[in-house]
Amino acid sequence: MSPTSLLRNRAALTHKIGYAVRNPSRIAPYVKRTARDTWLRLRHPDHVDYYRAVMASDTGRNPEAAVGSRTHERWLALGEMQFDYLKEHGLRPGHRMLDIGCGNLRAGWRFIAHLDRGNYYGIDISPDILISAKRTLTTYELQDKLPHLTLTHDLRLDFLPAAHFDVVHAHSVFSHSPVEVIDECLAHVGRIMAPGGFFDFTFDRTEGTEHQVLREDFYYRTETLLRLARRHGLEARFMEDWETRRHGQSKIRVNNPAAGG
């Protein structure tokens, strides 16, 4: 990401006007999205309920676009990018993996194929996208791998066993989450991490003012999230090598020193 992009406040009126001037064809879709999101926020004050409604609306039109992929080719490329990165960082078939916000298995189907039978756990807040995930599972004929796909309403992770997961992964989850949802996850993720395990999450990074757009896209400073993780006794570091990937988000890795390993 360019320095200019990192300082940009997408919620500022000056940015919105400039963007509209440069991209007039995007004005009508933006107005339509704003109207829809405003209506959904009024009906669903709780953020998780609100975003579940957003996902229901988006998935109904196009499940791959709902998880941020405008074309099938981009859907495949982004999934491959996530898989390759974790494999390069030591993801082995014998590892147990929790995929937070697994979506329609954009990367998940590759993880499922790579991991031993029963070692993949995917959770999501959207029942609609999980139905699409089951279709992906069938498309790639991975039923015999017995993945776990579970609907959740929060990130307390209290239904999962302690010290169980070698790899926890959340791609494009915190980029759509207010800080209290991120804090909830970081408060509980250490409990479920196995000795030597790690938790990778991506986020929309800004080095300027932290802000959100339509309560869908949230931009955080790196130090804010590092500090939040450390407050819960976790070790956290910014993953510089992820920055070389063709992806608009940044990545932080969290370890739980109390788990040992």
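How far apart are the mean positions of the positive and negative charges of the protein? The legends below take up this point together with the fold and the aromatic residues of a predicted model.

**Figure 1. Overall fold of the predicted model.** The secondary structure of the protein comprises 10 helices and 9 strands. Its C-alpha trace extends over about 50 × 40 × 35 Å along the principal axes. The radius of gyration is 18 Å, which agrees with the value near 18 Å that a compact globule of 261 residues would have.

**Figure 2. Burial and contacts in the protein.** Of the 261 residues, 51% are buried. Among contacts with a separation of 6 or more, 71% are between residues 24 or more positions apart.

**Figure 3. Surface and charges of the protein.** The exposed area is about 12,500 Å², and carbon and sulfur atoms contribute 54% of it. The protein carries 36 positive and 32 negative charges. The mean positions of these two sets of charges lie 4 Å apart.

**Figure 4. Aromatic pairs, with a close-up of Phe199 and Phe201.** A pair of aromatic rings is described by the distance of the centres and the angle of the planes. The protein has 9 aromatic pairs. One of them joins Phe199 and Phe201, with ring centres 5.4 Å apart and an angle of 50° between the planes. This pair is classed as tilted, because the class covers planes that are neither under 30 degrees apart nor over 60. Both Phe199 and Phe201 are buried.

**Figure 5. The cluster of Phe174, Phe199, Phe201 and Phe203.** These four phenylalanines are linked into a cluster by ring pairs. Within the cluster, Phe199 and Phe201 form the tilted pair of Figure 4.

Technical notes. Residues are numbered from 1 along each chain as its sequence is written. This is a predicted model: local features need pLDDT of at least 70, side-chain atom pairs count only at pLDDT 80 or more; totals for chains, interfaces and linings use all residues. Side-chain values use heavy atoms; hydrogens and water are left out. Helices (H or I, at least four residues) and strands (E, at least two) are DSSP runs, numbered from the N terminus. The radius of gyration is taken over C-alpha atoms; the globule rule is 2.2 Å times the number of residues to the power 0.38. Buried means under 20% relative accessible area, exposed over 50%, partly exposed in between (1.4 Å probe, protein chains only). Contact means heavy atoms within 4.5 Å. Accessible areas come from the Shrake-Rupley method with a 1.4 Å probe; for residues, only the protein chains shown count as cover. Lys and Arg count as positive and Asp and Glu as negative; His and the chain ends are not counted. The place of a charge is taken as NZ of Lys, CZ of Arg, CG of Asp or CD of Glu. Rings of Phe, Tyr and Trp (its six-membered ring) pair if their centres lie within 6.5 Å; planes under 30 degrees apart count as stacked, over 60 as edge-to-face and the rest as tilted.
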